[in-house]
Amino acid sequence: MKPLTAPARGHDGALLALLVLAFILLRLLIASSTVISFDDEDGFNITAAWEMLKPASTLTYPMFQMSDAEGGSLITALLLVPLVLLLGPSLFALHLVGLLYSTAALLGLYLVCRRAFSAAVARLACLLYIFFPGPLLHYSVTAHGFHPDSVTFQLFFIWLLLLALERGRPALTFMAGLLGGACTYFAYISALTVLPFAAIFSLQMVRRRGIWRGLMPVGVLVAGLAVGVLPLVIYNLLNN
């Protein structure tokens with residue numbers, strides 16, 4: 001990809017800022033709507049955040065995780081705590097966490113498309129994401145703490161892998177693996193994205209560097225994946 005000049009970077013950044021602003025304003029309008037349904041996951045996450053704030057709560061942290069197979073509900077409840085302090089245990093507060101996830105996903109989508117294709121493709125992808133149709137808009141302000149929200153982490157994982165492929169730095173490779181593992185901890189189904197992309201990265205490294213030199217970054221990536229998914233392993237060892 002051709003490097004951007006300073007004026008081009010400024011123009012690119014200004015357009016991205018406008019896209020993010022349009023996204024946030026539209027989602028705030030949706031989040032303040034009363035037509036969004038209240039699900040079991042919503043109730044669990046709001047209750048968990050509220051219980052975390054109680055000094056005399058009898059619940060322990062494993063109870064704040066809704067599923068043994070994924071820790072996304074715990075992460076969502078932790079992000080919800082400061083908003084519950086400000087707004088009370090409300091559905092609107094939870095929608096703001098969903099807005100945080102989806103805004104980060106918008107940035108991740110832009111970065112992936114910008115790195116893999118071009119700025120024009122990235123802007124088009126963002127426009128499609130901002131204005132996609134009907135009921136799907138509601139998913140961008142939900143925060144259930146499982147696979148829809150994990151898309152955010154998957155996009156940044158792919159972006160870091162692309163950077164690691166381009167620059168060949170072990171730190172970037174480890175960070176990509178760490179995020180991929182954390183993404184799998186957040187929602188186990190993320191492994192359907194993480195593992196194929198990790199395999200593609202590994203094959204590319206071996207093809208470019210040969211078997212022995214190519215296995216070194218593969219090992220770094222696997223180490224990052226193992227560290228990232230470790231919280232899920234520890235949780236299940238201690239609670240099952």
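**A quick tour of an all-helix chain**

Starting at the N terminus, the elements of this chain go α-α-α-α-α-α-α-α-α-α. That gives ten helices and zero strands. Keep in mind that you're looking at a predicted model.

**The chain as a whole**

- The chain has 240 residues, and 43% of them are buried.
- About 12500 Å² of the chain is exposed, with carbon and sulfur atoms supplying 74% of that area.
- If you take the contacts with a separation of 6 or more, 74% of them come from residues 24 or more positions apart.

**A nonpolar patch on the surface**

- Seven names to look for here: Leu-18, Leu-21, Leu-25, Leu-28, Leu-86, Leu-87 and Phe-92 make up a nonpolar surface patch, and together they have about 670 Å² of accessible area.
- Two elements, α1 (6–31) and α3 (72–87), each give two or more residues to this patch.
- Helix α1 provides the largest share, with four residues.
- Leu-87, one of the patch residues, sits in helix α3.
- Is Leu-87 buried or exposed? Neither one fully: its relative accessibility is 43%, so Leu-87 counts as partly exposed, because that category lies between under 20% for buried and over 50% for exposed.

**Tyr-129 and its contacts**

- You'll find Tyr-129 in helix α5, which covers residues 119–130.
- Which residues does Tyr-129 touch, leaving aside those up to four places away in sequence? They are Phe-23, Arg-27, Ser-102, Ala-105, Leu-106 and Leu-109.
- Take Ala-105 from that list: Tyr-129 and Ala-105 are 24 residues apart in sequence, yet their C-alpha atoms are 9.5 Å apart in space.

How values were computed. Residues numbered from 1 in each chain as written. Predicted model: local features only at pLDDT ≥ 70, side-chain atom pairs only at ≥ 80, totals over all residues. Heavy atoms only, no water. Patch = residues over 30% accessible without salt bridge, like charges linked within 9 Å, V, L, I, M, F, W, Y side chains within 5 Å. Areas by Shrake-Rupley, 256 points an atom, 1.4 Å probe, with all protein chains shown as cover. Salt bridge = Lys/Arg side-chain N within 4 Å of Asp/Glu carboxyl O. Buried < 20%, exposed > 50% of the residue type's maximum accessible area, 1.4 Å probe, protein only. Contact = heavy atoms within 4.5 Å.
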